[in-house]
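Hi,

Here is the structure I said I would pass on. Have a look at it first, and then read my notes below.

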Amino acid sequence: MVLTLVLDAISMPNKFSLSKLAPLEGVLFDVDGTLCDSDPLHYYAFREMLQEISFNDGVPITEEFFVKNIAGKHNEDIALLLFPDDLQRGLKFMDDKEAMFRRLASEQLKPVNGIYKLKKWVEDHGLKRAAVTNAPRANAELMISLLGLSDFFDAVILGDDCEHAKPHPEPYLKAIEVLKVSKDHTFVCEDSVSGIKAGVAAGMPVVGLTTRNPEHLLMEAKPTIIINDYEDPKLWTALEELDMQEAAVKPAA
């Protein structure tokens, strides 16, 4: 079922607006950078640990390098990038780095501004929702728990549980299959190029967040709209238009 949806979705252009989703059925959220501002913690962990092993001749990686090569990607892909000749070493490094991230997150993790406002809107509309992430399970569960969102999500879909992680559309297609919602009535919230590409390839409109990634970079992945955070008036204008369209298509009692 997922494979069929993948083949259909990959060739589909991004011609959506949120108002075309009525009646809305579901919302899918990435985790890192979308629910919480976690990229600074990831960047710190990578920078410190790579410098310790004299990666790049001991010169600390820049934030630009992190955004371009690491942010939003699956750990195995990162391991291959950083250690192309020794995958096992790369995977061990990633495990150690994630342990450091979890220590930092336990003390410093902050939610993206406005996430609880959107959470209430989603709940008030009775929508199904899933977290869809390339993060390892331990990271995803910790972040969702620290944010107080464990009971909010109907499902958590991991890249590790799919044959292909983001930027492949499979994780998002698996999410709509698990939730039993239509891609024609669901939208995605994402903050990385990798994640936006996955949502677009899955045939859904994507709300892109410039949490840490620059707008011009995100626009290359063709999100439907770009917002600064969940307080951004552009988001609420789009949701109001969706509500109006929902009322227009709703059959009379």
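Let me start with a cysteine: C189 is buried, with a relative accessible area of 1%. C189 takes part in no disulfide, and the nearest cysteine sulfur, which belongs to C36, is 13 Å away. Before I go on, please keep in mind that this is a predicted model.

What about C162? That residue is buried too, at 9% relative accessibility. Its closest cysteine sulfur is the one in C189, and because the two sulfurs are 19 Å apart, they are too far from each other for a bond. For a disulfide, the sulfur atoms would have to be within 2.5 Å. In fact, searching the whole structure turns up zero disulfides.

Next, the strands. Strand 2 covers residues 128–133, and five of its six residues are buried. On one side of the pairing list is strand 1 (residues 26–29), which runs parallel to strand 2 and is joined to it by four bridges. If you want one pair to click on, V27 has R129 in strand 2 as its bridge partner. Strand 2 also pairs with strand 3 (residues 155–158), again in the parallel sense and with four bridges. There, T133 has L158 in strand 3 as its bridge partner. How do you get from strand 2 to strand 3, and with what handedness? Together with helix 7 (residues 137–146), the two strands make a right-handed β-α-β unit.

Now the packing. As a rule, nonpolar side chains in soluble globular proteins tend to be buried together. In this model, the largest nonpolar core has 57 residues, and the members that touch the most others are F29, F46 and Y230. Take F46 as an example: leaving aside residues up to four places away in sequence, F46 touches I61, F66, I70, I78, L82, F93, M94 and K97. There is also a second, separate core of 22 residues, which includes A130, V132, L173 and I196.

F46 comes up again among the aromatics, where Y43, F46, F66, F83 and F93 form one cluster. Across the whole structure, the search finds eight aromatic pairs. One of them is F83 with F93, a tilted pair with 5.5 Å between the centres and 50° between the planes. The two rings come from distant parts of the chain, 10 residues apart: F83 sits in the loop between helix 4 (75–82) and helix 5 (87–108), while F93 is in helix 5. Is F83 buried or exposed? F83 is buried, with a relative accessible area of 7%, and F93 is buried with a value of 7%. Another pair is F152 with F153, which is edge-to-face, at 4.9 Å centre to centre and 70° between the planes. Both F152 and F153 are buried.

Helix 9 (residues 193–201) is worth a look as well. Seven of its nine residues are buried, so the helix is largely enclosed by the rest of the structure. The buried ones are S194, G195, I196, A198, G199, V200 and A201. I196 is the residue I listed above in the second core. Just after helix 9 comes G203, with a positive phi of about 85°.

Finally, some backbone details. Where are the cis peptide bonds that I noted? One joins A22 and P23, with omega about -5°; P23 lies in the loop between helix 1 (2–10) and strand 1. Another runs from K166 to P167, with omega near 20°, and P167 is in the loop between strand 3 and helix 8 (170–179).

Two residues other than glycine also have a positive phi: S54, near 65°, and N56, about 55°. S54 is in the loop between helix 2 (39–52) and helix 3 (63–69), and N56 is found in the loop between helix 2 and helix 3 as well. S54 counts as partly exposed, at 48% relative accessibility, and N56 counts as partly exposed at 44%.

Cheers

Terms used
Residues numbered from 1 in each chain as written. Predicted model: local features only at pLDDT ≥ 70, side-chain atom pairs only at ≥ 80, totals over all residues. Heavy atoms only, no water. Buried < 20%, exposed > 50% of the residue type's maximum accessible area, 1.4 Å probe, protein only. Pairing = 2+ DSSP bridges. Right-handed = clockwise from strand over helix to strand, strands pointing away. Core = buried A, V, L, I, M, F, W, Y, C linked by side-chain atoms within 4.5 Å. Contact = heavy atoms within 4.5 Å. Phe/Tyr/Trp six-rings, centres within 6.5 Å; stacked < 30°, edge-to-face > 60°.
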